[in-house]
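Please look over the structure below with this briefing beside it. The points are grouped by topic.

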Amino acid sequence: MSEGTMQRRAQRDDQSDRTDRSEPGVLTDGGGRRVRRASRAGGVNRALAAAAALPVLLFAAACSSDSGSSDDSAGSGSTARADSGGSSASETASAAPTVQAAAFKALPKACATLSAKTLTELVPKAKAKQGTSTDPEDRASCSWSSLDNNGVKGSQFRWLNVSLLRFESDATRGAGDRLAQEYYAKQVKDAQAVAGAKGTTSQAVAGTGDQATVVRYDLKKKEGAFKQQTVVARVENVVVTVDYNGAGLAGDKTPSADTLVKAAEKAAKEAVASVRAANGEGNGGAGSGGSTGKPSASASPSKSSTASSAPSASPSVSPSASAAKAAAAGASPSASHNS
C-alpha cells in the first residue's frame, strides 16, 4: 500500500472519531456505520412506560380519595346519629314525670277498726258484716246494725258503717294524698246533698287525721225519724267514712242528735288510728292529731278510686220483724254519697 493511501485512510478514521465524539449516543460498527446508542431507546421506552402508568396512578389516587371521603362521611353520620340518639334518650329521661310516693301502703281489716267497747256502745249486740271488695288493699268496709227491743215502749235502732278507701300515687293522675283529698271533698259534698235531708249542718272535727268533717241531718221515714251522722276523714292517702244513724221505732223516743254525733266522731278517730297502726304508726284504737306518715319507697300504678264499697245494711237482731225491715230500709240514707 502506498503512503498516500495510508494517509487518506488515517484521515477518514480521524474524521469518523470526531463525528462520533460530536454526536453522543452514536456508535460506529467496524465498517464505519453509525448505530444509535441503546440508552436512547431505553430512555424512550421508560418515557412511554411512565406515560402509560400515569392514568393508573391517577385512578388509584381518585379511588383512595373517594374511599376516605365515604368513610369520613359514614363516620360523621354514625357519630351524628349516636349523638342524636343519646341526646334524645337523655331528653326523654329528663322529661319523665315524677310523683311523691303514697304514705300508706295497706288498710286495716274494716271489721277490726273499732274496739269491742266502742261497738257495744254504738251498736249493742250487733254482728259485723264484712263488705265485699275485689281490692282489699285499696277498698274495705264493714257494717253493724242493732235493734234493741224495749217491749211495749218500742225499740231503738242503730246502724253503723265504716268505709276505707286508699289511693296510690300515679305518675299520670298525681300523688296519693292529693287524690285522697279530692275524694274527701267529694264525700263531704255528697253527704250534704242527700235527698230528703232536713236541717243539714256541717262542722270540722278536730284531732281526726289530716282533715275531717261531720255532716248531720234528719231524715223522716214512715217508720220514724232517723238522725244521720256522717264523718268523713282523711289521713294521708286514705279516706275514712263513718255513717252512723239511729231512730226510735214503734213508739220509742228519738235518740239525741248530739249523742249520736259524739259517738260517730269517736268511731272515726278509732278508724283513723287503725289505719295508722296498719302502716306501722301508733298503737291503734285511739285517734291522734295530724298525720305523721312517712312516704313509702316506691309508688305503684293507681287503681280505681271512684266507688265506695259500703254494703246495704240489714238488722241482725229482729225481735219485731216489721220494725226490723222498716229500720233496714231507712238505715243508710247516705248511700248515695258513698259511691
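Helix H5 (residues 257–278) has 22 residues, which at 1.5 Å a residue should span 32 Å, and its end C-alpha atoms are indeed 32 Å apart; the expected span is 1.5 Å times one less than the number of residues, and helices (H or I, at least four residues) and strands (E, at least two) are DSSP runs numbered from the N terminus. This is a predicted model, in which local features need pLDDT of at least 70 and side-chain atom pairs count only at pLDDT 80 or more, whereas totals for chains, interfaces and linings use all residues. Residues are numbered from 1 along each chain as its sequence is written, and side-chain values use heavy atoms, with hydrogens and water left out.

**Confidence**
- The mean pLDDT (the predictor's confidence in each residue, from 0 to 100) is 73 for the protein, and 55% of its residues reach 70 or more.
- Over residues 22–39 the pLDDT stays under 50, and the model has 22 contacts (heavy atoms within 4.5 Å) beyond four places in sequence for them.
- Where pLDDT is low, the predicted coordinates should not be read in detail.

**Ends of H5**
- At the start of H5, a side-chain oxygen of Ser256 comes to within 3.4 Å of the backbone nitrogen of Asp258.
- Gly280, with a positive phi near 80°, follows H5.

**Nonpolar core**
- The largest nonpolar core (buried Ala, Val, Leu, Ile, Met, Phe, Trp, Tyr and Cys residues joined through side-chain atoms within 4.5 Å) has 33 residues, of which Trp144, Leu160, Val240, Val242 and Tyr244 touch the most other members.
- H5 supplies the largest share of this core, nine residues.
- Beyond four places in sequence, the contacts of Tyr244 include Leu122, Leu160, Leu260, Ala263 and Ala264.

**Salt bridges**
- The structure holds nine salt bridges (a side-chain nitrogen of Lys or Arg within 4 Å of a carboxyl oxygen of Asp or Glu).
- Glu168 and Arg166 form one of these, with their closest N and O atoms 3.2 Å apart, and both residues are buried (under 20% relative accessible area, with exposed over 50% and partly exposed in between, for a 1.4 Å probe and protein chains only).
- In helix H4, Glu182 and Arg178 meet in a salt bridge of 2.5 Å, N to O, and because they are four residues apart, about one helical turn separates them.
- Lys227 and Asp218 are joined by a salt bridge of 3.0 Å, N to O; Lys227 is buried at 17% relative accessible area, whereas Asp218 is partly exposed at 31%.

Key
Polar contact = N/O pair within 3.5 Å; in protein donor to acceptor, adjacent residues only side chain to side chain.
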